[in-house]
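Trainee: I would like to go through this model with you, beginning with how its parts are arranged and ending with its rings.

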Amino acid sequence: MKKHNFSAGPSILPQEVLQKASEAILNFNGLDLSLIEISHRSKEFIAVMDKAQALVKELLELPEGYSVLFLQGGASTEFLMAPYNLLTEGGKAAYLDTGSWSSKAIKEAKLFGDTVVVASSKDKGYNYIPKGYEVPSDADYIHFTSNNTIFGTQLNEFPGGDVLKVVDMSSDIFSRKIDYSQFDVVYAGAQKNMGPAGTTVVIVKDEVLGKSGRQVPSMLDYKTHADKDSMFNTPPVFAIYVSMLTLEWLKSKGGVAAIEKENRAKAALLYNEVDSNPSFVGFAAKEDRSIMNVTFNLTDESLKEKFDALCLESGISALNGHRSVGGYRASIYNAMSIESVQVLVKAMQDLNK
Ligand SMILES: *Cc1c(COP(=O)(O)O)cnc(C)c1O
């Protein structure tokens, strides 16, 4: 029996995607060759890249004027690519600090110029999303993290103002319907909600390419990759292929609107248990709770051994909170079934027996 995988990342993928991916490793498209031993410039792989890009555009309902790139280096490399490509010499970058990933992005931006933090929830251990802040109108862009994977908070409203918007959506891309035309750069490491580790999807508005006016090294320049259709150098073929399969799976399930409904049902089920079960307490402020990463703690630490044993017996895997916050974190990404969430809820109930 496959385990109920609550891992935050790399994380659960649909079983049928894993099956197809394993077949392509041995014999791709009946070529009698593996997917990972053919040229990325073969017509077979170019078709994979084209399909993956088209599915991103279709599922996110992107308007014309955006390029979809599949890059390497993880979301962490985007922390520096964003300022390199967007922060002008002598200009200013604005950041919303909602957790560890935001802080890491801020650290990189500081290498490129004046970086202002418009608001931070660090004062309360990042358990909420700051509101009511001003975005300076002279900033080159505002950067924010749509879902805070570690703390289990999520933005329901996005910063406004007449500046470029850059968003790290690593852990909630494709999970809920959003108007993407409000953003100028969107990036997400594949391994949370799209595919295996090894590629980062970057969606960039063509208008902003070359915006910083800096001399950017080729590999770090969005324009290089947009001009070459993500084939400037060898792309991570396997990660892109599996991402394409996951996006096909998502489309077959009815797309983002349909999965959002399921995601909200799973999250509601679990938060309801966290709130009604006297042995648990939620970590994040209620109005800012994430529908992807549900963080909670025991009210009595002495129950830990019993609860961990119940989880083990039930086939629950990777429920530990991030090493920086402790407690528990259930990551319930798109591929997780409501049945797996029900198993967790039952283990939480059994703790009180
Ligand atoms: C996991 C994660 C990252 C880091 O991604 P890497 O691909 O490991 O560099 C950045 N931002 C968020 C929101 C994440 O969840």
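Trainee: How many Å separate the centres of domain 1 and domain 2?

Mentor: This is a predicted model, in which local features need pLDDT of at least 70 and side-chain atom pairs count only at pLDDT 80 or more, while totals for chains, interfaces and linings use all residues. Residues are numbered from 1 along each chain as its sequence is written, and side-chain values use heavy atoms, with hydrogens and water left out. The bounds, which come from an automatic or database domain assignment, give domain 1 (15–252) and domain 2 (254–350). Taken over C-alpha atoms, the distance between their centres is 26 Å.

Trainee: What area do domain 1 and domain 2 bury between them?

Mentor: In contact terms (heavy atoms within 4.5 Å), 27 residues of domain 1 meet 27 residues of domain 2. Buried area is the accessible area (1.4 Å probe) that two parts lose on being put together, summed over both. Of the area between these domains, 53% is on carbon and sulfur atoms, and the total is about 2200 Å².

Trainee: Which residues of domain 1 lose the most area to domain 2?

Mentor: Together they account for 22% of what the domain 1 side buries. They are I150, G152 and S175.

Trainee: Which helix gives the largest share of the largest nonpolar core?

Mentor: A nonpolar core is a set of buried Ala, Val, Leu, Ile, Met, Phe, Trp, Tyr and Cys residues joined through side-chain atoms within 4.5 Å, where buried means under 20% relative accessible area, exposed over 50% and partly exposed in between (1.4 Å probe, protein chains only). The largest one has 86 residues, of which I173, F174, I203, F307 and L319 touch the most other members. Helices (H or I, at least four residues) and strands (E, at least two) are DSSP runs, numbered from the N terminus. The largest share, 9 residues, comes from helix α6.

Trainee: Why is the pair of F79 and Y187 classed as it is?

Mentor: Rings of Phe, Tyr and Trp (its six-membered ring) pair if their centres lie within 6.5 Å, and planes under 30 degrees apart count as stacked, over 60 as edge-to-face and the rest as tilted. The structure holds 14 aromatic pairs. In this one the centres are 6.3 Å apart and the planes at 65 degrees, so F79 and Y187 are edge-to-face.

Trainee: How many residues apart in sequence are the parts that F79 and Y187 tie together?

Mentor: F79 counts as buried at 3% relative accessibility, and Y187 is buried at 0%. Because F79 lies in helix α3 and Y187 in strand β9, the parts tied together are separated in sequence by 108 residues.
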